[in-house]
Amino acid sequence: MCGRSLARAVLLLGAQLTALGSVAAVEIYTPRVLEAVNGTDVRLKCTFSSFAPVGDALTVTWNFRPRDGGQEQFVFYYHMDPFKPMSGRFKDRVGWDGNPERYDVSIRLWKLQFDDNGTYTCQVKNPPDVDGLVGEIRLSVVQTVRFSEIYFLVLAIGSACALMVIVVVVVVLYQHFRKKRWAERAHKVVEIKPKEEERLNQEKKVAVYLDDTD
């Protein structure tokens, strides 16, 4: 009986420790797939969540695996301060673009090359949270953006320009017809005044004539 109780307690303790470990694990968030144009710059976004508050013990490691295979290469390291690679393919081509206080550990690659095609891994350790999956970004460096992206961009710009032209034309026409209407009204007033004066003069002459006749 005592043996069963002890076994039960051990199992319960193990389950609690397992649950605690899963809660304390660092979770990484990346865009998974990314496409960028050759010769441009790109931001490799990596954010995380951690059970423990962010402190000086936080470390971030970025590595790279070429698409065509080969050895994993060091890209970037952060521990209180950013550490850039002193040699290799990413020397003078990578920079820190994160903010640990906002759980952002992103980096930026400059002057992309076709050889940069591959998988970039982002690993975050925030003691005591040191477990968790490694974030991955599959980067594809292309010659130009896809036609669909260009099409939608041109369509959006063209629509905006067309809308602006229509608004300008409507405003100009409105102002033109408004001025024309006021001009017509002013012209009618000018025409009415001489006629009114002539009518009054005629009435005066008739009145004078009638007085003389009497």
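How many salt bridges does a search of the whole structure find? The search finds seven, and several of them appear in the close-ups below, all taken from a predicted model.

**Figure 1. The whole protein has two helices and 11 strands.** Following the sequence, you meet the pattern α-β-β-β-β-β-β-β-β-β-β-β-α. Of the 214 residues, 23% are buried. The protein exposes about 15,600 Å², with carbon and sulfur atoms supplying 61% of that area. Take the contacts between residues at least 6 apart in sequence: 57% of them join residues at least 24 apart.

**Figure 2. Six strands form an open sheet with mixed pairing.** Across the sheet, the order is E2-E11-E10-E5-E6-E7. Strands E2 (32-37) and E7 (81-83) stand at the edges; each has a single partner strand, so one side of each is left without a neighbour in the sheet. From one strand to the next, the twist averages 20°. At the E7 edge, strand E6 (residues 73-79) pairs with E7 in the antiparallel sense over three bridges. Look for tyrosine 77, whose bridge partner in E7 is phenylalanine 83.

**Figure 3. Arginine 43 and aspartate 104 meet through their side chains in a salt bridge (2.8 Å, N to O).** This pair links distant parts of the chain, 61 residues apart: arginine 43 sits in strand E3 (residues 42-44), while aspartate 104 lies in the loop between strand E8 (94-96) and strand E9 (107-109). Aspartate 104 counts as buried because its relative accessibility is 13%, under the 20% cut-off. Arginine 43, with a relative accessible area of 27%, is partly exposed.

**Figure 4. Aspartate 97 forms a salt bridge with arginine 108.** Their closest N and O atoms are 3.2 Å apart. Aspartate 97 is in the loop between E8 and E9, and arginine 108 is in strand E9, 11 residues apart. Both partners are partly exposed, aspartate 97 at 27% and arginine 108 at 29%. Now bring back the pair from the previous view: Arg43, Asp97, Asp104 and Arg108 are linked in a network of salt bridges.

**Figure 5. Arginine 65 and glutamate 72 make a salt bridge (3.9 Å, N to O).** Arginine 65 is partly exposed, with a relative accessible area of 30%. Glutamate 72 is also partly exposed, at 41%.

**Figure 6. Val165, Val169, Leu173 and Phe177 make a nonpolar surface patch of about 370 Å².** One of these residues, leucine 173, is found in helix H2 (residues 147-213). Leucine 173 counts as partly exposed, at 43% relative accessibility.

Terms used
Residues numbered from 1 in each chain as written. Predicted model: local features only at pLDDT ≥ 70, side-chain atom pairs only at ≥ 80, totals over all residues. Heavy atoms only, no water. Patch = residues over 30% accessible without salt bridge, like charges linked within 9 Å, V, L, I, M, F, W, Y side chains within 5 Å. Areas by Shrake-Rupley, 256 points an atom, 1.4 Å probe, with all protein chains shown as cover. Salt bridge = Lys/Arg side-chain N within 4 Å of Asp/Glu carboxyl O. Helix = DSSP H or I, 4+ residues; strand = E, 2+ residues; numbered from the N terminus. Buried < 20%, exposed > 50% of the residue type's maximum accessible area, 1.4 Å probe, protein only. Pairing = 2+ DSSP bridges. Axes fitted to C-alpha atoms, helices over the stretch in contact; angles between N-to-C directions. Contact = heavy atoms within 4.5 Å.
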